[in-house]
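User: I am a first-year student, and I would like a close look at the charged side chains of this model and how they pair up. Please take me through them slowly, and then show me how they fit into the rest of the fold.

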Amino acid sequence: MKPLLYLYLAIFLAAPYAFPAAVQQQTCGSPATVEDACKAVVDTQPAVGYDFCVSSLGAATSLVKPTDLHELAATAARLAVSHATATESKIEELMELEDDASVKSRFNTCLDVYTDAADRLRDALDNLSARLYQKAMAQLDGAMDAADKCEEAFKGAKGSFPLASMDKDLGRLASIAHGIIVSIE
C-alpha cells in the first residue's frame, strides 16, 4: 500500500498547478479544517469513518493546506482519482498473472468499471473546478457504483475477492468528496 501513498502524495505536490489561480483564491465559507470537514462528512456518510477521512485528507493536505471547503473537496476528489487509477493498474497486474479465463473475464469487467469510474472522477474534478457542484456530485455518485459492480463480477467465483479493500476505499474516498461538496452547498 505504500506505493499508493507515494502516488497520492505526488499528485498533491502537483495539485496547486492543476487549478487556475481564480479557483485557488475563491472561498466557500470560513476556513476549513480536515477535522471539521470529516465531522460533516461522517454525519451524512457514516460508512466513511471519521478516522479514515482524517487520515486520508490529513496525509494529502500535510504539505499544501487547503484554505476553504472548495479546496478540500478538490483534494478529496483528486485522492479518489488517484485511487481509481492505481486500482486500474492493480487489476491489469492481476490479469497478467491469471491463467483462468473465467477469472480474467471478471478482472476485465472490473477494469472496465474502474476505467469508467476514473473518467467520472476526473469529470467531477473538472465540474468542481468550474463550481458546478451538482454536476460534480452526480459524477461522484456514478463513480461510487464501481466498487459494487466489480464485486458483483466476482460473485460465485472461488476464493476471496482480491480487490475488496481497494473497492471499499474508492467508495469512501468518493464519499468524502461528495460529503464536502454537500457542505459547500
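Analyst: Glu152 and Lys155 are joined by a salt bridge in which the closest N and O atoms are 3.5 Å apart. The model is a predicted one, and the distances and areas that follow should be read with that in mind. Glu152 has a relative accessible area of 47%, so it counts as partly exposed, since the partly exposed class runs from 20% up to 50%. Lys155, with a relative accessible area of 57%, is exposed, because the cut-off for that class is over 50%.

This pair is part of a count of four salt bridges in the model. Another of them links the side chains of Arg120 and Asp116, with 3.0 Å from N to O. Both of these residues belong to helix α6, where they stand four residues apart, or about one turn of the helix. Arg120 counts as partly exposed because its relative accessibility is 29%, and Asp116 falls into the partly exposed class as well, with 34%.

A further bridge brings together the side chains of Asp169 and Arg172, at 2.9 Å from N to O. Because Asp169 and Arg172 are three residues apart in helix α8, about one helical turn separates them. Here the surroundings deserve attention, for Asp169 is buried and Arg172 is buried too. In the case of Arg172 the relative accessible area is 17%, and therefore the residue is classed as buried, the limit being under 20%. The helix that holds Arg172, α8, spans residues 164-184. When neighbours within four places in sequence are left aside, Arg172 is in contact with Ala47, Val48 and Phe52, so that a picture of this charged residue includes partners from another part of the chain.

Charged residues can also be grouped without a bridge. Asp141, Asp145, Asp148 and Glu151 form a negative surface patch, and a residue must have no salt bridge to be included in such a patch. One of its members, Asp145, lies in helix α7, which covers residues 133-153. Asp145 counts as partly exposed because its relative accessibility is 36%, and this value also satisfies the requirement of over 30% for patch residues.

For a contrast with these charged side chains, consider Leu128, which is placed in helix α6, residues 101-129. Leu128 has a relative accessibility of 1% and is therefore buried. Not counting residues up to four places away in sequence, Leu128 touches His70, Ala73, Ala74, Tyr133, Ala136 and Ile181. With Ile181 the separation in sequence is 53 residues, while the C-alpha atoms of Leu128 and Ile181 are 8.6 Å apart in space.

These details can now be set within the whole protein, which has eight helices and zero strands. Among its 185 residues, 49% count as buried. Of the contacts with a separation of 6 or more, 74% are between residues 24 or more positions apart, and the pairing of Leu128 with Ile181, at 53 residues, is an example of such a sequence separation. The accessible surface comes to about 9200 Å², and carbon and sulfur atoms account for 55% of that area.

Terms used. Residues are numbered from 1 along each chain as its sequence is written. This is a predicted model: local features need pLDDT of at least 70, side-chain atom pairs count only at pLDDT 80 or more; totals for chains, interfaces and linings use all residues. Side-chain values use heavy atoms; hydrogens and water are left out. Helices (H or I, at least four residues) and strands (E, at least two) are DSSP runs, numbered from the N terminus. Buried means under 20% relative accessible area, exposed over 50%, partly exposed in between (1.4 Å probe, protein chains only). Contact means heavy atoms within 4.5 Å. Patches are made of residues with over 30% relative accessible area and no salt bridge: like charges are joined within 9 Å, nonpolar side chains (Val, Leu, Ile, Met, Phe, Trp, Tyr) within 5 Å. Accessible areas come from the Shrake-Rupley method with a 1.4 Å probe; for residues, only the protein chains shown count as cover. Lys and Arg count as positive and Asp and Glu as negative; His and the chain ends are not counted. The place of a charge is taken as NZ of Lys, CZ of Arg, CG of Asp or CD of Glu.
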